[in-house]
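Below is a short briefing on the strand layout, the helix packing and the confidence of one model.

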Amino acid sequence: MADDGDAHRQSRLFTDEDGEFDADRAREESLPVEDGEVVDTDQLADHQRYVEGRGIYDERNRVNDLTGKEWKYATKSVIPEGYPPAVQHDLRSEHGGQKPPRLCAELIGRFSKAGDTVLDPFAGVGGTLLGASFCEHEGTGLREAIGFERNARWIEIYETVLQRENAARRDRGDPPLAAQELRHGDCAELIADVPDDSVDLLLTDVPYWHMDELEQTRNERATRESKLGAFDEHIDEEECADSDEEADDTAPTQTKAEWLADMAGKFDRFADAVAPDGHVVVFIGDMYREQSYEFLSADLARAIESTAPLTLAANLIWYDPTKDLHVYGYPFSFVPSMVHQNVLVFRLESDE
Ligand SMILES: C[S@@+](CC[C@H](N)C(=O)[O-])C[C@H]1O[C@@H](n2cnc3c(N)ncnc32)[C@H](O)[C@@H]1O
């Protein structure tokens with residue numbers, strides 16, 4: 001471990017005439033400077049390594065490739081980031097539940113290491129897969145990603161997005177994004193081909209329950225939207241994975257209890273594929289309906305924990321400050337404007 005006293009003594013050697021630390025002078029002398037202090041690399045423990053511009057990395061880190069300084073930021077429970085439309089958003093937005101690839105890359109960077117395998121069993125138009133590819137150029141290294149998607153249209157869109165994105169990157173002189181493997185079919189069957197313990201991170205965004213009713217509600221909402229006072233239900237279309245199901249007429253109608261049982265059973269099966277140090281990270285938005293808040297994230301977390309060998313480690317909040325606000329419920333009842341989504345983080349239960 002670097003000795004703070006030694007680092008301070010070195011810092012003092014590089015003070016300007018006002019006694020202020022002169023980082024430029026220290027850099028000119030090729031000394032690593034972090035937060036205005038010289039890092040005394042001779043004082044690092046065997047398991048520590050200084051990474052230029054990023055801080056001190058601990059070789060014992062089994063979770064990710066982050067340095068201590070980056071880890072501090074990455075454990076923040078809120079991600080207050082409004083990812084502007086990017087990565088062929090016009091194409092990807094045909095899918096109502098698509099997630100920003102760079103948000104996925106951020107989560108992949110927090111919960112996996114370069115070279116790791118990432119699985120998304122509900123892959124849609126490939127937010128996770130694109131995120132894994134971005135990690136090669138904008139993170140610590142490429143992750144291999146496998147996706148499952150039962151709707152062929154979303155696979156076609158992922159492939160077109162990759163083609164167009166890579167053409168644009170070629171024109172800019174940027175290296176291409178790696179193509180990831182998006183398999184067509186039902187995740188309940190495709191998971192059988194994934195060897196046990198072979199996935200380091202499962203990152204996904206679950207399909208929602210009771211879509212026929214949601215569809216009905218949206219139509220009702222359209223007719224009521226002009227009558228603000230009468231508006232008593234709120235389902236956020238951008239947050240809700242709706243159009244995926246609309247385009248998939250094989251989607252069964254489920255009650256919420258059936259949906260929870262179905263998801264819990266699927267995650268129990270997915271957990272077999274996850275390696276012992278691995279994480280399972282799940283996007284899930286809460287919703288407001290029939291004048292009450294549906295705490296879907298809490299319900300799903302409990303259902304998964306009670307069925308699969310997974311322990312909830314965190315609920316991260318993705319807060320999108322750029323989201324449009326609406327006047328829901330005014331002036332009669334408080335109806336939340338949902339500007340956040342939950343990101344449930346599970347760890348595999350250890351056998352000890
Ligand atoms: C919330 S969306 C995922 C969106 C994705 N995060 C993206 O960025 O595009 C869920 C996806 O799961 C797919 N899906 C639902 N049930 C499935 C199943 N049993 N097997 C495979 N895919 C399924 C739906 O077609 C939908 O595209």
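**Sheet and confidence**

Ile284 of strand 10 has Asn342 of strand 14 as its bridge partner. This is a predicted model, in which local features need pLDDT of at least 70, side-chain atom pairs count only at pLDDT 80 or more, and totals for chains, interfaces and linings use all residues. Residues are numbered from 1 along each chain as its sequence is written. Strands (E, at least two residues) and helices (H or I, at least four) are DSSP runs numbered from the N terminus, and two strands pair if DSSP finds at least two bridges between them.

Strand 10
- Strand 10 (residues 274-284) joins strand 14 (residues 340-348) through 6 bridges, antiparallel.
- With strand 9 (residues 199-205) the pairing is parallel, over 6 bridges; Asp205 stands opposite Phe283.
- Of the 11 residues of strand 10, 8 are buried (20 or more other C-beta atoms within 10 Å of their own, C-beta atoms being placed from the backbone).

Whole sheet
- The open sheet has 8 strands in the order 5-13-14-10-9-6-7-8, with mixed pairing.
- Strand 5 (78-80) and strand 8 (181-184) are at the edges with a single partner strand each, so one side of each lacks a neighbour in the sheet.
- Strand 7 (residues 144-149) pairs with strand 8 in parallel over 4 bridges, and Glu149 faces His184.

Confidence
- Mean pLDDT (the predictor's confidence in each residue, from 0 to 100) is 85, and 79% of residues reach 70 or more.
- Helix 10 (residues 242-246) has the lowest mean among the elements, 41, and strand 6 (residues 117-120) the highest, 99.

Methods. A residue is buried if 20 or more other C-beta atoms lie within 10 Å of its own, exposed if 12 or fewer, and partly exposed in between; C-beta atoms are placed from the backbone.
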